[in-house]
Amino acid sequence: MIGERVREQAAGALPAFVYDLAGLRAHVAGIAAALDGAAELFYAAKANPEPPVLRALAPHVAGIEVASGGELAHVRAVLPDARIAFGGPGKTDEELRAALEHRVERVHVESPYELRRLTAIARAADRRADVLLRVNLAGGRAGAALAMSGPFGMDPEAIEECRPILEAAPHVRLRGVHAHLASGLDADAMLAQSARVLDWARDWLSGLGVDRPEFNLGGGMAVDYTDPARRFDWAAHATGLRALARPGETLRIEPGRAVTVYGGWYLTDVLDIKRAHGEWYAVLRGGTMHLRTPVTKNHDHPFTVLHQGGSGPRAGQPNTGEPVTLVGQLCTPKDVFARRVDAGQLAVGDVVAFAMAGAYAWNISHHDFLMHPKPRFTYLD
Ligand SMILES: Cc1ncc(COP(=O)(O)O)c(C=O)c1O
């Protein structure tokens, strides 16, 4: 539901990303309260690394997960004291060095080769690196929106190669296992996946004598773009995690999308309305170069029309109910926010407020394509 303060932003320059920081704070506080210590909550900065967003989240999360040297430097600058976990494939030597310099608490190691290089870098710097090995278990991704199969982490065979490297590396301390196997899982599917990871990882770590092991069970908690009101069941997840946990272990999760997606809106106005081959189209200011999410997810992005008493071909006509496709200003048929949707009596000048624009939105979009003006950014405290 669009709040009054977001609605008021329709009167300002458009397009605009509007972040409801008060709503975001309340949402993340609710997640933390539901978890109630069942797992440490890290936030995956890749979902939305904007400084006001990070600062709003910081008091409610245990730490931040970063996936590049760029994110690491950014998060360290915005939150100098945050606990940071550094994951992601293809870390360069410079990034591994930066991990030590920026006091990263855990490095999530992606391959035996990366572990070898980290070992040499830690030795040369005479610094200790605390690591989780990222495991990539086979199968069992049913129901996932995105399965992280392929080059992410190590299969059990590759992890086995890490054993002798670790045994010969006093500067690298193995603290546990990391896994992020899929995105878009509901609480039941997430718990089933976590149980599989724990089963495998406990066995493997006990063979190495790891004391007080840590298990980072990843992110990927589902959000439902067809129904913004339907939320991931954090309380059920916490109950399930508590049942899985054993004394002396630390469980950690690192969601991104489910934390910030509801806190952002993309507001834009209708520039033109036309009919082509029997179909209605509304051309909106801006486009998917600002909000790429509907293209990457191939979905109809949820929206609310804020009528402004506008004009244009459909205004005042009895065509309410005829579906309309909402497109942007790009010269590509892929620039579509939503296809053949019910937008009521949409008129030129009306404002369309896209919900769920707080994660994987602006920061994953190709901003410079066609050189249209950049959106306004407003952070409502
Ligand atoms: C390693 C890792 N952790 C966490 C996340 C966050 O996932 P989500 O935003 O779906 O919660 C991702 C997303 O790709 C990831 O790759």
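Visitor: What makes the pair formed by the ligand and Arg-257 a polar contact?
Guide: An oxygen atom of the ligand is 2.8 Å from a polar backbone atom of Arg-257. A polar contact is a pair of N or O atoms within 3.5 Å; within protein, one must be able to donate a hydrogen and the other to accept it, and residues adjacent in sequence count only if both atoms are side-chain atoms. The value of 2.8 Å is within 3.5 Å, so the pair counts.

Visitor: Which polar atoms of Gly-220 and Tyr-360 lie by ligand oxygen atoms?
Guide: For Gly-220 a polar backbone atom, at 2.8 Å; for Tyr-360 a polar side-chain atom, at 2.6 Å. The protein covers 91% of the 390 Å² of accessible area (Shrake-Rupley, 1.4 Å probe) that the ligand has on its own.

Visitor: What do these values rest on?
Guide: This is a predicted model, in which local features need pLDDT of at least 70 and side-chain atom pairs pLDDT 80 or more, while totals for chains, interfaces and linings use all residues. Residues are numbered from 1 along each chain as its sequence is written, and side-chain values use heavy atoms, without hydrogens and water.

Visitor: Why is Ser-365 called buried?
Guide: Its relative accessible area is 10%. Buried means under 20% (1.4 Å probe, protein chains only), so Ser-365 is buried.

Visitor: Which residues is Ser-365 in contact with, leaving aside neighbours within four places in sequence?
Guide: Thr-288, Met-289, His-290, Leu-291 and Arg-292, contact being heavy atoms within 4.5 Å. The side chain of Ser-365 also reaches the backbone oxygen of Ala-361, at 2.6 Å.

Technical notes
Buried means under 20% relative accessible area, exposed over 50%, partly exposed in between (1.4 Å probe, protein chains only).
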